[in-house]
Amino acid sequence: MSETDKNLEARFEAYVAEEKKIEPKDWMPDSYRKTLIRQISQHAHSEIVGMLPEGNWISRAPSLKRKAILLAKVQDEAGHGLYLYSAAETLGVTRNQMLNDLHTGKAKYSSIFNYPTLTWADMGAVGWLVDGAAIMNQVPLCKCSYGPYARAMVRVCKEESFHQRQGFQVMLNLAQGTDEQKDMAQDALNRWWWPSLMMFGPNDADSPHSAQSMKWNIKRFSNDELRQRFVDMTVPQAELLGLTIPDPDLKWNEERGHYDFGEIQWEEFYNVIQGNGPCNKERIAARVKAHDEGAWVREAANAYAKKENEKRSKSATHAA
Ligand SMILES: [Fe+2]
Ligand SMILES: [Fe+2]
């Protein structure tokens, strides 16, 4: 590393340590840039793929009100994806490259969206648990050292909070409904609980990039810390619903001041990440189809932009 690079790196590290924001035109280490491109694009893909399991229920929502709420929620997720793709683009990657990596299976997205949504209660469980876990993960990102990512997260988190509440309300209505409705809510909780805990990623001991990301102020809390917070927050909510969390080892630990919980089936997690979850192929196929069918929109927008540019440069020549 040259003397100049060393100085730049030292300045960058001091800047981050002082809780200042790094902006797109600032010098940054290559590995910081790469880490952010990977994380932000994965996050963007998760938002966009995350629209699919819920989009599946828009036409079957049980009332007009529920349909409007679900539609608004799914549209929010599209917006989150767009802010995040834009934030990643400020680091020098193109949208085309990111989408190509998603469509060819090179880029990952959250494992949770590879599970099917089988009943209406899944809309409740997804909002309550999946958006709830997303908030836990994303609130600390509002203070992330990379400016464009941190700023995008502020609005995203406000919207996630609405998503979580609407999900909880769906669960509450079902839990207070007929026996059949309550069973449906319990069944959804049974299926979504463990995959939601997996959303926080591997245990700290198996999460090699975490320490560097913490040093760079990208990550503020470890995977296990965030997972514990999520469990501690969610158990009383399940009690309020009168539903049972599917974990025989779940127990309040007086000494730790936290809930103890059972071992996660990591084999399932890695299997889903590697593309073998129940819906991986279906999800990617749906994204590729949407992209292909949208080709004419992109072509039309490009043709229009070209025409406008030509008009502008012609009038500039005339003026000269
Ligand atoms: Fe979102
Ligand atoms: Fe959400």
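This report walks through an iron site, a helix pair and two backbone oddities in a predicted model.

## Ground rules

Local features here need pLDDT of at least 70, side-chain atom pairs count only at pLDDT 80 or more, and totals for chains, interfaces and linings use all residues. Residues are numbered from 1 along each chain as its sequence is written, chains are lettered from A and ligands numbered from 1 in the order written, and side-chain values use heavy atoms, leaving out hydrogens and water.

## The iron site

Who holds the iron ion (ligand 2)? Its coordination comes from Glu77 (OE), Asp131 (OD), Glu160 (OE) and His163 (ND1), at 1.9 to 2.2 Å. Donors are N, O and S atoms within 2.8 Å of the metal (3.2 Å for Na, K and Ca), and sites may look incomplete because water is not among the atoms. Glu77 does double duty: it coordinates both the iron ion (ligand 2) and the iron ion (ligand 1), which sit 3.4 Å apart.

Along the chain, the donors of the iron ion (ligand 2) are spaced E-x53-D-x28-E-x2-H. Distant parts of the chain get linked this way: Asp131 belongs to helix α6 (residues 121–138) and Glu160 to helix α7 (residues 147–175), 29 residues apart. Helices are DSSP runs (H or I, at least four residues), numbered from the N terminus. Asp131 and Glu160 are both buried, meaning under 20% relative accessible area, with exposed over 50% and partly exposed in between (1.4 Å probe, protein chains only).

## How α7 meets α10

Helix α7 also packs against helix α10 (residues 223–241), at an angle of about 30 degrees and with the axes 9 Å apart. That makes α7 roughly parallel to α10, the label for angles under 35 degrees. The axes are lines fitted to C-alpha atoms over the stretch in contact, and angles run from 0 to 180 degrees between N-to-C directions.

On the α7 side, Gln164, Phe168, Met171, Leu172 and Ala175 meet Met233, Gln237, Leu240 and Leu241 of α10; contact means heavy atoms within 4.5 Å. By class, that makes seven nonpolar, two polar and no charged residues. Nonpolar covers Ala, Val, Leu, Ile, Met, Phe, Trp, Tyr, Cys and Pro, charged covers Asp, Glu, Lys and Arg, and the others, Gly among them, are polar.

## Two positive phi angles

Glu19 is not a glycine, yet its phi is positive, near 70 degrees. Glu19 lies in the loop between α1 (3–17) and α2 (30–49), and is partly exposed at 42% relative accessible area.

Asn217, also not a glycine, has a positive phi of about 60 degrees. Asn217 is in the loop between α9 (210–215) and α10, and is buried, with a relative accessible area of 12%.

Definitions and conventions: Angles under 35 degrees count as roughly parallel, over 145 as roughly antiparallel, 65 to 115 as roughly perpendicular and the rest as oblique.
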